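Student: Could you show me how to read strands and burial in a protein model?

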Amino acid sequence: MDEDEMTAGGLTVGVVNPEAVIIADEDDGGVIIDFAPSDVEEAIPFDANLAEHMDEGDLSALATDLIGSYDEDRASRSDWEEAYIDGLDLLGVKIEDRTTPFDGATGVSHPILSEAVIRFVSQAMMEIFPPNGPVRTTVIGKKSVEKDEQARRVQDYMNYLLTEEIEEYRPSTEQLLFKTALSGSGFRKVYYDPTFDRPDSIFVPAEDFVISYDTTDLKSSPRYTHVMRKSDNFVRRMQLNGFYRDVALGDPADESSDIQTKYNELTGVTEVSQTDVRTLLEMFVELDLEGFEHEGDTGEPTGLSLPYVVTIDHASSKVLSIRRNYKEDDPLTQPHQHFVHYKFQPGLGFYGFGLIHLIGSIAKSSTSILRQLIDAGTLANLPAGFKARGLRIKGDDRPIEPGEFRDIDLPGGAIRDNILPLPFKEPSGTLAQLMGVLVDEGRRIA
């Protein structure tokens, strides 16, 4: 073994394995040399899962506080969720069998909202994905041949990465544009995926990104949450490879959101209890954790909260991981920004305004007028009314076919004196003109 020299109180001593020796100065000028210290603190790697090194009671209290904050953030946007859910009916993707105001009344919806969304997505995709690829590079500052060539290499590599390697990038972009146009907000999560050994970018719908509605932007927010739904087997795999804490979580709970329930209703999916899917809360928060405090130049805790990523299993309230969300050598401890927020139009709060908010009322009124016109035509073409009690028609309610003469038993008098049709009017031309005005206004806004 290597031997090193250590000096204590003017005395030089040869020591084997000096890392395991502690030297402490005494107040009286003496020195204590401990060759077998009992509590040498093991250094915790910067990128370690800090939850592995914290007390279970502290983790339980932390989870309770964070879940409470998550519930408050979600409650703050309840009006936005309700408006979005109600507006989804205006897409007209579900075929309705209506019995009001009569059996067989039309359930058609005016396609103005669907048309606006599809037009926006198609035009945006043409701009984002031109034939030469989605990436363009620009040299900032003084140009040179070397910089131009480097920029071209970066451009070619990024276009290859987004069009060939990341196969899900284009479909996720289409989904991002579609839901952003509807709800007003969409998110893209950018991170390095060690599974595929490449950067990755996934679409996160607004309903799965929970933040206080009063927040102005992501950078200034002290807390936001990505709600992830992962299979029980996926979570177990992450526990076994050390990314999550290996703790018992119990059985998964069915935690479908109201928005997901609405999606299932519109698409005709039968909602069943998902017993193998867990809801994970990946919370990006600022915390002052005991034992991992921010220290100033003097080495004393400053009380400054640092950015962390805390993952919690919502059903069991178990903390799975706590990881630092800043660079080790960053003196300002600025948090990493993993999310990009896309807004269709700026709104009154954090979330933007979508086409549901901008032309939802016009789409609803247009649908109402269109149904009135169709129902009026149905009633005018298939008249109903009253007939005398003694008048009997053979075949009864079976409609008269073209060229058919049907026998009737007439108690007396003319037929017209025994039958009174209800005065159904033809579809109103005024209503048709009004619907045209509404549709033109909606298209102009969209």
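Tutor: We will go through strand pairing and then burial. This is a predicted model, in which local features need pLDDT of at least 70, side-chain atom pairs count only at pLDDT 80 or more, and totals for chains, interfaces and linings use all residues. Residues are numbered from 1 along each chain as its sequence is written, and side-chain values use heavy atoms, with hydrogens and water left out.

Student: Which strands does E5 join, and by how many bridges?

Tutor: Strands (E, at least two residues) are DSSP runs, numbered from the N terminus, and two strands pair if DSSP finds at least two bridges between them. Here E5 (residues 185–193) runs antiparallel to E12 (residues 339–343), with five bridges; one of the partnerships is arginine 188 with valine 340. E5 also runs antiparallel to E6 (residues 198–205), with eight bridges, and valine 190 stands opposite serine 201 there.

Student: What links E5 and E6?

Tutor: They form a hairpin with four residues between them, and aspartate 197 in the turn has a positive phi of about 55°.

Student: Is threonine 215 buried or exposed?

Tutor: Buried means under 20% relative accessible area, exposed over 50%, and partly exposed in between (1.4 Å probe, protein chains only). Threonine 215 counts as buried because its relative accessibility is 13%. This threonine 215 lies in the loop between E7 (209–210) and E8 (223–231). Leaving aside neighbours within four places in sequence, threonine 215 is in contact (heavy atoms within 4.5 Å) with Ser221 and Phe350.

Student: How many residues of E9 are buried?

Tutor: In E9 (residues 277–287), 10 of the 11 residues are buried. E9 pairs with E8 in the antiparallel sense over nine bridges.
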